[in-house]
Structures are given as structure tokens and as C-alpha cells.
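Morning, everyone. I have one structure to walk you through today. Please bring it up on your screens and follow along.

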Amino acid sequence: MKNFDLIVIGGGSGGVRAARIAANHGASVALVEECRLGGTCVIRGCVPKKLMVYASRFAHDFEEAKGYGWDFDNARFDWSTLKLRRDQEVTRLEAIYRKNLLAAGVVIYEGHASFVDSKTIQLSDKEMLTGNTILIATGGVPVQTDSYEGAQYTIDSNAFFDLEKQPKKVVIHGAGYIALEFACIFRLLGSEVDVVIRGENILRGFDKDIQSQLTNELLMSGINLHFSNNIKAIKSEGGSFTVELNDGALLDSDCVLRAIGRVPNTTSLGLEKIGIELNKQGAIVVNPFSETTVAGIYAVGDVTNRVNLTPMAIREGHAFADTVFGKTPRAVNHDLVPTAVFTTPEVGVVGLTEEQALKQCPKLDVYSTAFRPMKATLSGSESKVLFKLLVDRVTDRVLGFHSIGHDTGEMIQLLGVALQMKATKKDLDATLAVHPTAAEEWVTFRAPTTQHNL
């Protein structure tokens, strides 16, 4: 039986970062991964999805280019070519993850790990490892469902990347960022898309104006949205499907994609043997330093269900390693998280929504603008950019940036820096505009569009 200073269960972004940093601090480290190194983000999430987003947006580019004198009448898309190139890139990135881990001295084990006791884990091949410290970084998995007839015909967001052919008619169940990003990818690549939405809005938890504007953009793109609805049954008919909704609508489909959320991946880890506490959502309960209710066992990333984003998992993993092995204890701040949704057009937000801001600041100034970007003057596109700025009138502090439009994900990264530095509206006013750009609107707001006085 081999003993290590640290055993990391899970080779995703958080686990890999923790393993490398701990090894750099001098710890002997073992990492166990049952699938592929890189986790959801690299293998079946952020990275391959963003490549698909890029591919889909060429459809917009070709169409808009006609207004600038270009002719792309013979443009043709091939799904199999994209899949091949995308998968090659994922394989390349996985190899880099492996190389970096090995270079740091981390011992990699392939297989599933489960706890025997609080210091011992067993691998799929029955090999036992012991660790003075154990980190759980197993991420999250798509929600499964058997709540309606024919649920077995659906695929989840993982299986999306295994599709060998592009489906011509797609039904997507869900209204979060994964569902909507895939809806835009399919639609721009030429598929007919229906999105089934349980509630009355998309992107739960986002600012109301973002929800409204993105809804309009999705409808303009030709995506069919079925609000206040659910799937009642799916029937298979010779390789295609008929999807029946609660309101009686029947949708023809070649593919039904289930994107109704993700849950912490704690199945068959043997957590019950060692008494690790889980919350009502099945997430591992941790303190500000990512330690579980069992001494010496820690957890980072989506399995804790704090802020389920790759950069946060990386930061948590790094902070854990510094705290336990680097003798520099530090907790991660889970507030003020910049976020991008890679729909087309994309969404970039950081800070409070208008509703959240009003709970903290009864005197709130709202600056907003919606406009056709300069590129649309010749392309003829009806898509609009939306910028929304929230300011505490008493302190002049900026509380939130909310945006929809081309490259707003890139903008929001830098605006997150401004918010982190406690920027004021006067700071924005004092910043010289870069003209002509869409982003100059952030520093040229003059009068509030709405003033709250609660």
C-alpha cells in the first residue's frame, strides 16, 4: 500500500491545480481520475463548447459580410470536420495536463476511487492508497431524469460532444446557460431548434433586462421558445422522435438534449463510510478553507456547489494547496464573480442585478442603453447591444455591469477588475473613450435612465 502526503480524487481544473501546487510545495501527491484529465471544462464543457460557438458564428459573419461586398454563396459547413478538429484539440490539451502533472512529480492513477476510511481509498483495480490529506475534486454531472415517458431517448450535455452527425431538428430542455449556448450553436449551424422552458424566463438569477433582451435575440434568430412548459412524453419513431409538451404541442425532433442543470458528483465515493456532511443539494459541506466536516479531507470545485465555474475551482484548488502545504492560509472570496454566457449574442455580467442592488441601496441610479452596433449599419443586422450600469447614488460606487453583444465576455473580464478596485461612476466619467467602439458607451453615460428612491 502506497502512502502520499496528498491524494486528489478528480483530475479536473480544481484537482489538477491543487495537485501541481501541492507538489511544488514539496508534497508527495497522487491524483486519481476515472475518465480523462482536464475534467468537464477541457473534455466536455467550456473548451470544446467555445470551439463549437466559434464555428457557429461564421454563419453570422458570412451573412453580414454581404453588406460589405463579400460573396459567400458557396459556403458549406461540415459537422464531421469540426468534430475531428475539435476532438484533436481536446486531446492535445489533455496531453498538456498530463505532462505538467508528471513534470511536477504527481503520480497519476486511472480509475474510480472510493473511501475505505478517512485516510484510505480503494481504486477500481482494488489497489489501496493512503493519504495524510485527501482532496475531493470530482466536479458535477448533468441532472438525469425519468419523470416522463421516453426520457431514455434524451442525451445530456456530455453526449452532445459525441454526436457524429448534425441533427436537423433539435429539442432542448432547459433555460440555463448550457441549454441556451447549445441552442444557439445548433441554430446558427442550420438546425431547427425548440427550447422547452419550465418557467417564465431564461437564465434564472440574471438581471431582468438581460433576460428580456436575450429572449428577443433568441427569437429573432429563429429559435422557438416554449415558456411555462415541460416535456410530457417522448416517442421514438424510426430514428426520429415526437416530443409532447404539457400544453399539448407536438415537436418533431432528431435529437432531444437535456440541459436541466447539474448536481455534485458524489456517487459511489463512499462518503457515507466516513461521515462527510452533504447539504440538501447533495454538495459537500466545507468551511472557508475548503475543509469538510472530517478533519484532513477537503473538497473544491463544483462538488461543493459554491460558485460552479472553472476559474473558481482553479482558485479554490490553489488556495487549498497554499493553505495546507504552503504554510500561507487563505480563503477564497466567492463574491464579485465575472460571468460570460456564450450565446450569440453573448452575455457578460459582473456584480449585482438591479433587484439585488435595490435591497442594499435604496437610492440606486440605473444607466442603460440599447443600440445597433456600428457593424450593423452596412450588414443590416437587427441585433442590438445592451449595456446596463448600476450605481449607488450615495457613494457613487458602481455595483454592477450587465451587457449583451459581441465580445461582451471579453469586456466583462476587464470590468470585473474595475469593480474589484471599487470603481465609481466618476472614475468611468474620467476615462477617455476609445472611438469608435461599442465599449465606449460604458464611459459616456451621462444621465440615469431610472432613479430609485425607496
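One definition before the tour: the expected span of a helix is 1.5 Å times one less than its number of residues. Keep in mind that this is a predicted model.

Let's put that definition to work on helix α3. It covers residues 46–65, which is 20 residues. From first C-alpha to last, α3 reaches 28 Å, close to the 28 Å expected. Which residues of α3 are buried? They are Pro48, Lys49, Lys50, Met52, Val53, Ala55, Ser56, Arg57, Glu64 and Ala65. Several helices help to cover them, including α2, α4, α5, α6 and α11.

Stay on α3 for leucine 51, which lies in this helix. Buried or partly exposed? At 28% relative accessibility, leucine 51 counts as partly exposed. Setting aside neighbours within four places in sequence, leucine 51 touches Leu82, Arg86 and Glu89. Look also at arginine 85. Leucine 51 and arginine 85 sit 34 residues apart in sequence, but their C-alpha atoms are 9.5 Å apart in space.

Next, helix α1, residues 13–24, and two of its partners. Take α9 to begin with, residues 310–325. The two axes come within 7 Å and cross at roughly 30°. Angles under 35 degrees count as roughly parallel, so α1 and α9 are roughly parallel to each other. The crossing is right-handed. On the α1 side, the contacts involve Ser13, Gly14, Arg17, Ala18, Ile21 and Ala22. On the α9 side, the residues they meet include Ala313, Gly317, Phe320 and Phe325.

Now α1 with α4. These axes come within 9 Å and cross at roughly 25°. That pair is therefore roughly parallel too. Here the crossing is left-handed. Ser13, Val16, Ala19 and Arg20 in α1 meet Tyr97, Asn100 and Leu101 in α4.

On to cysteines. How many disulfides does the structure hold? Zero. Why not between cysteine 41 and cysteine 46? The two sulfurs are 3.1 Å apart, too far for a bond, because the cut-off for a disulfide is 2.5 Å. Cysteine 46 holds the closest cysteine sulfur to that of cysteine 41. Cysteine 41 itself is buried, at 13% relative accessibility. Cysteine 361 is buried as well, at 7%.

Move along to helix α12, residues 408–420. It has 13 residues and reaches 18 Å, close to the 18 Å expected. Its buried residues include Met411, Ile412, Leu415 and Leu419. The buried residues of α12 pack against four strands: β18, β19, β21 and β22. After α12 comes lysine 422, with a positive phi near 60°.

That brings me to backbone oddities. Most residues other than glycine have a negative phi, and most peptide bonds are trans. Leucine 203 has a positive phi, near 50°. It is in the loop between β10 and α7, and it is buried, at 2%. Leucine 336 also has a positive phi, near 55°. Its place is the loop between α9 and β18. Leucine 336 is partly exposed, at 30%.

Last stop, the cis bonds. The bond from threonine 344 to proline 345 is cis, with omega near 5°. Proline 345 lies in the loop between β18 and β19. The bond from histidine 435 to proline 436 is also cis, with omega near -5°. Proline 436 lies in the loop between α13 and β23.

That's the tour. Thanks, everyone.

Definitions and conventions
Residues are numbered from 1 along each chain as its sequence is written. This is a predicted model: local features need pLDDT of at least 70, side-chain atom pairs count only at pLDDT 80 or more; totals for chains, interfaces and linings use all residues. Side-chain values use heavy atoms; hydrogens and water are left out. Buried means under 20% relative accessible area, exposed over 50%, partly exposed in between (1.4 Å probe, protein chains only). Contact means heavy atoms within 4.5 Å. Axes are lines fitted to C-alpha atoms, for helices over the stretch in contact, and angles run from 0 to 180 degrees between N-to-C directions. Angles under 35 degrees count as roughly parallel, over 145 as roughly antiparallel, 65 to 115 as roughly perpendicular and the rest as oblique. A crossing is left-handed if the near helix is turned anticlockwise from the far one by less than a right angle, and right-handed if clockwise.
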